[in-house]
Amino acid sequence: MYEYIKGEITYISTEYIVSDHHGLGYKIYMPNPFVMSSKQGETVQVFTYQHVREDQLTLFGFPTMEEKLLFTKLLNVSGIGPKGALAILASGAPEQVIQAIEEENETLLVKFPGVGKKTARQIILDLKGKLQDVVPDYFPNLFNDAAEVKGQDDSALDEAVMALQALGYSEREVKKIRPSLQKESLTTDQYIKKGLQLMLKLK
């Protein structure tokens with residue numbers, strides 16, 4: 001129904017943002033809401049997907065059309081729901097997911113929350129060779145952020161930890177990577193992205 005919503009970002013939480021469009025506040029769930037931190041108070045276009053269930057109507061949002069497209073493709077896989085698809089996309093590195101699918105790398109896929117061996121195999125069966133329209137020009141480098149971040153307090157890390165848990169990672173898993181994150185001085189968004197990369201290296 002909604003291809004995108006262009007509005008002022010008025011609120012950011014660990015799971016969703018609120019976009020004010022002509023006085024209406026749209027609650028939009030995102031893979032990593034903190035990617036919008038630097039744009040809070042600004043008017044931003046967010047590509048949206050409306051998910052309808054008998055008892056629920058939910059908006060999911062993405063910074064780019066390509067990310068939205070990958071989300072919809074993941075939803076078509078048996079065993080993957082919206083929360084699972086968001087967790088897979090939250091790493092901010094769809095090229096890793098696509099590469100894992102094309103190379104039939106189940107070991108990487110099962111490291112995402114809610115993805116077991118059976119679901120990983122289903123993702124590969126359903127999507128291998130069908131993601132060419134997602135790939136072009138959409139392989140951002142996670143850690144080549146030009147902005148220098150200094151003097152961040154622990155609140156950014158705490159927000160990142162809550163966001164990781166909201167995506168489905170257990171407190172025990174998060175505790176394993178927290179010491180590595182504490183060595184860095186990053187924004188919440190960068191902590192989340194790095195945390196997700198560290199999660200993929202666990203096990």
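**A chain of strands and helices: questions at the bench**

Mentor: The secondary structure of this protein chain comes to 8 helices and 5 strands. Helices (H or I, at least four residues) and strands (E, at least two) are DSSP runs, numbered from the N terminus. The model is predicted, so local features need pLDDT of at least 70 and side-chain atom pairs count only at pLDDT 80 or more, while totals for chains, interfaces and linings use all residues. Residues are numbered from 1 along each chain as its sequence is written, and side-chain values use heavy atoms, leaving out hydrogens and water.

Trainee: Good start! What pattern do the strands and helices follow along the sequence?
Mentor: Remember the totals, 8 helices and 5 strands. Reading along the sequence of the protein chain, you meet the pattern β-β-β-β-β-α-α-α-α-α-α-α-α.

Trainee: In what order do the strands run in the closed barrel?
Mentor: Strands pair if DSSP finds at least two bridges between them. The neighbours β1 and β4 are joined by 5 bridges and run antiparallel, with Gly 7 standing opposite Val 44 in β4. Overall the pairing is mixed, and the closed barrel of 5 strands runs β1-β2-β3-β5-β4.

Trainee: Which residue in β2 stands opposite Ile 12?
Mentor: A hairpin joins β1 to β2 through 3 residues. Strand β1 (residues 4-12) and strand β2 (residues 16-21) run antiparallel, joined by 4 bridges. In β2, the residue opposite Ile 12 is Ile 17.

Trainee: Which strands does helix α2 touch?
Mentor: Two helices are worth viewing together here. Helix α1 (residues 65-75) packs on the sheet, touching β4 (43-53) and β5 (56-62), where contact means heavy atoms within 4.5 Å. Helix α2 (residues 82-89) packs on the sheet too, and the strands it touches are β3 (24-29), β4 and β5.

Trainee: How many residues of α1 are buried?
Mentor: Buried means under 20% relative accessible area, exposed over 50%, and partly exposed in between (1.4 Å probe, protein chains only). Among the buried residues of α1 are Leu 70, Phe 71, Leu 74 and Leu 75, along with Glu 67 and Lys 68. Their cover includes β4, β5, α2, α3 (94-102) and α5 (117-127). The helix is largely enclosed by the rest of the structure, because its 11 residues include a buried set of 8.

Trainee: And in the whole chain, what share of the residues is buried?
Mentor: The protein chain has 203 residues to consider. Of these, the buried share is 47%.

Trainee: Is Thr 58 buried or exposed?
Mentor: Thr 58 lies in strand β5. Not counting residues up to four places away in sequence, Thr 58 touches Tyr 29, Tyr 49, Gln 50 and His 51. Its relative accessible area is 10%, so Thr 58 is buried.

Trainee: Which residues have the most contacts inside the largest nonpolar core?
Mentor: A nonpolar core is a set of buried Ala, Val, Leu, Ile, Met, Phe, Trp, Tyr and Cys residues joined through side-chain atoms within 4.5 Å. Leaving aside neighbours within four places in sequence, Ile 123 is in contact with residues including Val 77, Ile 80, Ile 88, Ile 101, Leu 109 and Val 115. The largest core has 58 residues, and those with the most contacts inside it are Leu 109 and Ile 123.

Trainee: Last one: what percentage of contacts join residues at least 24 apart?
Mentor: Take the contacts in the protein chain between residues at least 6 apart in sequence. Among these, the share joining residues at least 24 apart is 59%.

Note on methods. Axes are lines fitted to C-alpha atoms, for helices over the stretch in contact, and angles run from 0 to 180 degrees between N-to-C directions.
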